[in-house]
Amino acid sequence: MTGNQAPPARVEGRRDRRAVFFDRDGTLCEDADYLNRWEDFKVLPDIASLKLLRDKHFKLIGITNQSGIARGIIKEEFVREVNRYFIDAQGFEDFYYCPHHQDEHCACRKPEPGMLLRAGVEHGVDLTRSYVVGDKEADMLLAKAVGAKGVLVLTGKQSGSPNAAFVARGLAEAVKYILSDI
């Protein structure tokens with residue numbers, strides 16, 4: 001499990017901040033089925049709506065499984081560069097990724113909570129007051145595992161989830177739900 005930035009100063013005793021954790025492929029950008037070149041990188045059109053969350057002091061943090069690294073399909077440096085785009089251009093606080101293959105059964109591969117637990121500590125986030133937005137059941141199970149609310153976006157391949165608190169057509173509708181829920 002790897003973040004793209006140096007760890008922020010630890011927030012001792014404070015874990016009251018809210019965050020929205022976003023999956024990457026199929027949620028923030030089109031799912032290119034192992035995104036491994038810039039020519040296939042396409043940010044979803046309603047990503048500008050995330051500014052509304054920042055305006056309400058939510059931390060935006062990315063979380064993504066990238067088994068293509070372990071499979072030799074994607075270079076880890078390229079994953080870092082794409083994740084860095086969301087930090088630099090979209091105002092994300094941090095972006096975590098799991099480079100492991102699912103057969104490795106690591107603690108950071110979604111739906112396991114490793115990335116969220118680490119982010120919660122490093123960013124002083126109360127996970128039970130936070131949200132996970134993603135396009136797969138693993139994202140919804142991740143939210144459930146830490147007591148967050150899961151928001152399934154229909155911009156990927158999945159059409160529903162019994163574990164989602166809300167199902168949104170896209171990012172703008174997910175943002176609207178989160179802001180109405182606070």
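## Elements and overall form

Helices (H or I, at least four residues) and strands (E, at least two) are DSSP runs, numbered from the N terminus. In this predicted model, the protein has six helices and seven strands. Starting at the N terminus, their order is β-β-α-β-α-α-β-α-β-α-β-β-α. The protein is as compact as a globular protein of 182 residues, because its radius of gyration, 15 Å, is close to the 16 Å of the globule rule (taken over C-alpha atoms; the rule is 2.2 Å times the number of residues to the power 0.38).

Along the principal axes, the C-alpha atoms fill a box of roughly 40 × 35 × 30 Å. Of the 182 residues, 49% are buried (under 20% relative accessible area, 1.4 Å probe, protein chains only).

## The largest pocket

A pocket is an open set of points on a 1 Å grid over the protein atoms alone, where a 1.4 Å probe fits, with protein on both sides within 12 Å along at least five of seven lines. The largest pocket has a volume (the space filled by probe spheres set on the points) of about 440 Å³.

Its lining (residues with an atom within 4 Å of a point) holds 20 residues, and Asp-31, Asn-65, Ser-67, Arg-109 and Lys-136 lie nearest the centre. Strand E3 (59-65), helix H2 (68-71) and helix H5 (137-146) each give at least two residues to this lining.

## Basis of the values

Residues are numbered from 1 along each chain as its sequence is written, and side-chain values use heavy atoms, without hydrogens and water. Local features need pLDDT of at least 70 and side-chain atom pairs 80 or more, while totals for chains, interfaces and linings use all residues.

Definitions and conventions. Buried means under 20% relative accessible area, exposed over 50%, partly exposed in between (1.4 Å probe, protein chains only).
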